[in-house]
Amino acid sequence: MIIIKSPREIKLMREAGVVVGEVFAALETFIKPGVSTLEISELVEKVMVEHGAKSAEKGYCGYPAAACVSVNEELVHGIPSAKRILRDGDIVSVDIVAEKNGFLADACRTYAVGICGERQKRIIDVTTKCFDEAMKLIKPGVHLGDISHRIESVAKENGYQVAREYTGHGIGSNMHEDPYIPNYGYAGEGPILREGMTLCFEPMLLEGKNSLRILKDGWTAVAKDGKLTCHYENTIVVTSTGFEILTMLEKEKKERGYAI
Ligand code: MF3
Ligand code: CO
């Protein structure tokens, strides 16, 4: 069942989303060669707490950290470690969920570390483009399959695969609500979008073969062939005429063409 949120609930989710935006603003200048993935996770937690929120990932199904920090061939759920030091040319995705006053907001950014190659920059650009192109379709009455199909098409047109084992999802006072939102699908299929739905769209792209394995830590999903992967995500609310992104500060909205 897809839960339609009231204006009050949307307001609370917007507040959780602002915290997520603040975390990314802090990470923007923090991520550089020499920083460990654990230091990233510690900063995530610190900024959340400073803003009256907490990490909804910590303890979720036993997840041991405040953020998922995944490097290069790691697609999702990388466990932060003091031993994993970022270097020039790495790409690092930081996937976070803030909980404030009982409501959640979930988003992910992938950062190029230091001096990065074209290969690295391109997968980041295409992954964000998958999201941006999908957003152009969002309004009440549209089938979710239209959106999923768009994400898949943009990825494939650019020579990438989409992960099939992980999906976007509804969100609210729980991290994962209906509907599940695959990054592939058929136009005209799936649930119909309605005003007040709060949804996470999260393209996950692979440069090589579409085949993943889980590391011995039980969490980290990596590309089997060791090639690059990338993840980008925002929580949005469907409005009467389109959508509003909840997990972007005004500055980022302006930079990315989402300012109203
Ligand atoms: N943020 C992830 C998502 O997009 C879930 C994180 S799994 C956790 O669904 F265990 F780290 F919480
Ligand atoms: Co997420």
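Here are three short exercises on the metal site and the ligand pocket of this predicted model.

**Exercise 1. Work out which residues hold the cobalt ion (ligand 2), and how they are spaced in sequence.**

Step 1: Look for donor atoms around the metal. You'll find D95 (OD), listed twice, plus D106 (OD) and E233 (OE), at 2.1 to 2.7 Å.

Step 2: Now go to the sequence. The donor residues follow the pattern D-x10-D-x126-E.

Step 3: Place the far-apart pair on the fold. D106 is in strand β5 (residues 103-112), while E233 sits in the loop between β13 (229-231) and β14 (234-238). The two are 127 residues apart, so this pair links distant parts of the chain.

Step 4: Check burial. D106 is buried, and E233 is too.

**Exercise 2. Explain why the arrangement around the cobalt ion (ligand 2) counts as irregular.**

Step 1: Take the angles. The six donor atoms subtend 52 to 171 degrees at the cobalt ion.

Step 2: Compare with the cut-off. For six donors to count as octahedral, opposite ones must be over 155 degrees apart and all others between 65 and 115.

Step 3: Conclude. The arrangement is irregular because of that spread of 52 to 171 degrees.

**Exercise 3. Map the surroundings of ligand 1 and find its polar partners.**

Step 1: List the neighbours. Ligand 1 is surrounded by 14 residues, and E57, D95, D106, H176 and E202 are the closest.

Step 2: Go through the polar pairs.
- E57 puts a polar side-chain atom 3.0 Å from a nitrogen atom of ligand 1.
- H176 has a side-chain N or O atom 2.7 Å from an oxygen atom of ligand 1.
- E202 has a polar side-chain atom 3.1 Å from an oxygen atom of ligand 1.

Step 3: Check the cover. On its own, ligand 1 has 340 Å² of accessible area, and the protein covers 96% of that.

Notes
Residues are numbered from 1 along each chain as its sequence is written. Chains are lettered from A and ligands numbered from 1 in the order in which they are written. This is a predicted model: local features need pLDDT of at least 70, side-chain atom pairs count only at pLDDT 80 or more; totals for chains, interfaces and linings use all residues. Side-chain values use heavy atoms; hydrogens and water are left out. Donors are N, O and S atoms within 2.8 Å of the metal (3.2 Å for Na, K and Ca); water is not among the atoms, so sites may look incomplete. Four donors count as tetrahedral if all angles lie between 85 and 135 degrees; four count as square planar and six as octahedral if opposite donors are over 155 degrees apart and all others between 65 and 115; anything else is irregular. Helices (H or I, at least four residues) and strands (E, at least two) are DSSP runs, numbered from the N terminus. Buried means under 20% relative accessible area, exposed over 50%, partly exposed in between (1.4 Å probe, protein chains only). A residue is near a molecule or strand if one of its heavy atoms lies within 4 Å of it. A polar contact is a pair of N or O atoms within 3.5 Å; within protein, one must be able to donate a hydrogen and the other to accept it, and residues adjacent in sequence count only if both atoms are side-chain atoms. Accessible areas come from the Shrake-Rupley method with a 1.4 Å probe; for residues, only the protein chains shown count as cover.
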